[in-house]
Amino acid sequence: MGKKLKGSQIIIESLKKEGVEVIFGYPGGSVIPFFDSLYGDKAIKFYLPRHEQGAVHMADGYARSTGKVGVCVATSGPGATNLTTGIATAYMDSIPLVAITGQVKTSLIGNDAFQEADVIGVTRSISKHNYLVKDIKDLAQTIKEAFYLASTGRPGPVVIDLPVDVQMQEAEFEYPEKVNLRSYKPTLFGHPGQIKKALKFIYKAKKPVVIAGGGIITSRANKEATEFAKKINAPVTATLMGLGGFPARDQLYLGMPGMHGTVYANMAITEADLLISIGCRFDDRITGKVKGFAPEAKIIHIDIDPTSISKNIKVDVPIVGDAKNVLGQLTQEIDKKNLPQISSWHKKIKAWKSKYPLTYNKGKKDRIMPQYIIEEICRQTKGKAIIATEVGQNQMWAAQFYKFNQPHHFLSSGGLGTMGYGFPAAIGAKVANPKKEVVVIAGDGSFQMNIQELATLTTYGIAVKVIILNNNCLGMVRQWQEIFYQRRYSATPLKNPDFVKVAQGYGVKGLRVKKKSSVKKAIKEILESKESVVADFWIEEEENVFPMVPAGEAINRMIGGMA
Amino acid sequence: MRHTIQALVENKFGVLARVASLFSARGYNISSLAVGETQDPAISCMTILVNAEDERILEQIKKQLYKLIDVIKVIDFTRREYIDRELMLIKVIKDNNKKDLKKLEANKSVRTIEERKNYKIIEICADQEEIEGIFKILNKFEIKELVRTGKIAMAK
């Protein structure tokens, strides 16, 4: 028999059993017992943000940069609802999180009690699973299951809703060794028959393309993906979520596909006779008009989540399994002498690459082009920094112009597109990787969505470098308005605060860069600083993200970049 | 097209809500739903009638259902031999349409289970096709109340 512990202590002991070292959270009436048990605990480091949304994005950044489960805590009602954007963000991008929310007393549930919200109802469709723990005897088992579900199969956020009285009751504590969920058994290895079928297609393909999705990062399959692509000599395009899953420096690399992808990636997909998609769910930002997507290609789709297969795109060879295992199986089975000669395909791709390179207008003398800032950061960090982005133009420029050679280094809200994600996510990533350079590429709009977390930097002495690409507007929407809405800039111009003063007000170093000639030096200073820096770069205001595929168009119908 | 699928689920708090909200969140249409315990009290069985425009959507519905952590098994009856039953109760005014009522009651799936001065309560237990057939001719009657259970099914 285990010893008797209070519910709040059971949580903390269970978290330790799960190897949790860091929690991000915000107190409130329904989690006071939990915070009381956490008080003075040496094994778990606790970080207090200034908003619950900060906590959940920090836990997410922690998870994305390490692959470990991120943990966040909030109180009932508004605390919990403030987590929801972050939970949905993690859900869309398959990020392992455990979110613990306080709940009103069991006897008050359903009575519209003070700070009560139906958290189970609210988070049902934005979490992988959720639990309301009404009986303290179920608590340890629930936490065990939550971590198991969050981190296995297709990972995702799991919510544990915990009434305050359950936190105060006592029970014998014994952490379960095993989880046995009869209804949850992810398929980890590819079916041998499907592997054989895939091989047949691979041996026939004269124009293969590999799409490396976020699944490669999740299953830590970057080595296997590289080996596989090299063995079959196929060009590789990495989705936004898959950046770093295949080294950008490699000759086979095509950059990102889709709406703001490279011309050559989109052309290659359009002409390909075989598409091998690994852990990519064919989001509409990648496919564009479905009918025009890879019209010539047979499709092999490797994914751990069966629902991702044939959801948006009809697939010829579905392989359900963990990317790492399936790629291992494939690479092992491939007999190189059965592979056709495809040098004409590579020649064609090379021609596209030189004809339509990813570029921007470099001629403007005194204007700072945002792409130039990213290139310079990439150069000075040697492509080794962890880059967190906000959402919009800043995100796309970072994805296009920073060259990622390793996984877990690009943190961005891909699926949900959450503005306000990047800055707190960077804080979480820095907590997990104190020795690494962590840079946020932000927009002036997005940064203000969680700007209060500057206080978290100061409180804990966390060094994160915030690069604001300041164009005094919500740039991506403005770009759409410019191109599709006759420049009617409705609700997109921003009257911004003085970011340098705001930073200073929070005790963070702030600086401003207005001239192109100062960019290099400024970035050097920012990167050399041992403390956090908020750098306000005044960029060319009407610069657009190109190439661009208009929504609903086929991906080879690009604006910009095809001159 | 309408398809009959069945989900064996953990008999736990909130599972019905998970299934229902999956359907509404993904824009799938349920035309009927029947839920009950199985011989194992830890497992409930949901028989769901869904409208799916094509095979791909039906596949998605099944996969999405199975993805729910509390769903143990999903059975699609589309290409299987099965029997099904639905129960309908109607309260009809006796005086009107005596002849039609008599005809209806002659059907072996129809049973009068309660008789009062003015009205009768009639139970109709039949497969879906028959129920639909009877449902259509009911507009002849003066009906006070009508309730249906939704279909349950079992593979042969």
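Start by selecting helix H4 of chain A and zooming to Thr84(A): there H4(A) bends by about 35 degrees. Keep in mind as you look around that this is a predicted model.

Stay on the helix, residues 78-92 of chain A, and check its length. At 1.5 Å a residue, its 15 residues should span 21 Å, and the end C-alpha atoms sit 22 Å apart, so the two agree.

How many of the 15 residues of H4(A) are buried? Twelve are, so to speak, under cover: the helix is mostly covered. Try colouring a few of them, including Gly79(A), Leu83(A), Ile87(A) and Tyr91(A). To see what the buried residues of H4(A) pack against, show helix H3 (52-66), strand E4 (70-74), strand E5 (97-103), helix H5 (119-123) and strand E7 (157-163) of chain A. Then step just past the end of H4(A) to Ser94(A), where phi turns positive, at about 55 degrees.

Next, bring up the sheet. In chain A, six strands line up as E3-E2-E4-E5-E7-E6 in an open, parallel arrangement. Strand E3 (45-47) and strand E6 (129-132) of chain A are the edges: each has a single partner strand, so one side of each has no neighbour in the sheet. From one strand to the next, the twist averages 20 degrees.

Zoom in on strand E2 (22-25) of chain A, which runs parallel to E4(A) and is joined to E4(A) by two bridges. Click Phe24(A): its bridge partner in E4(A) is Cys72(A).

Now add helix H6 (139-151) of chain A, which lies across E5, E6 and E7 of chain A and runs at about 160 degrees to E7(A).

Last stop: show both chains. Here 13 residues of chain A are in contact with 16 residues of chain B. Chain A's side has five nonpolar, five polar and three charged residues.

Key
Residues are numbered from 1 along each chain as its sequence is written. Chains are lettered from A and ligands numbered from 1 in the order in which they are written. This is a predicted model: local features need pLDDT of at least 70, side-chain atom pairs count only at pLDDT 80 or more; totals for chains, interfaces and linings use all residues. Two residues are in contact if their C-beta atoms, placed from the backbone, lie within 7 Å. Ala, Val, Leu, Ile, Met, Phe, Trp, Tyr, Cys and Pro count as nonpolar, Asp, Glu, Lys and Arg as charged, and the others, Gly among them, as polar. Helices (H or I, at least four residues) and strands (E, at least two) are DSSP runs, numbered from the N terminus. The expected span of a helix is 1.5 Å times one less than its number of residues. The bend at a residue is the angle between axes fitted to the seven residues ending there and the seven starting there. A residue is buried if 20 or more other C-beta atoms lie within 10 Å of its own, exposed if 12 or fewer, and partly exposed in between; C-beta atoms are placed from the backbone. Two strands pair if DSSP finds at least two bridges between them. Axes are lines fitted to C-alpha atoms, for helices over the stretch in contact, and angles run from 0 to 180 degrees between N-to-C directions.
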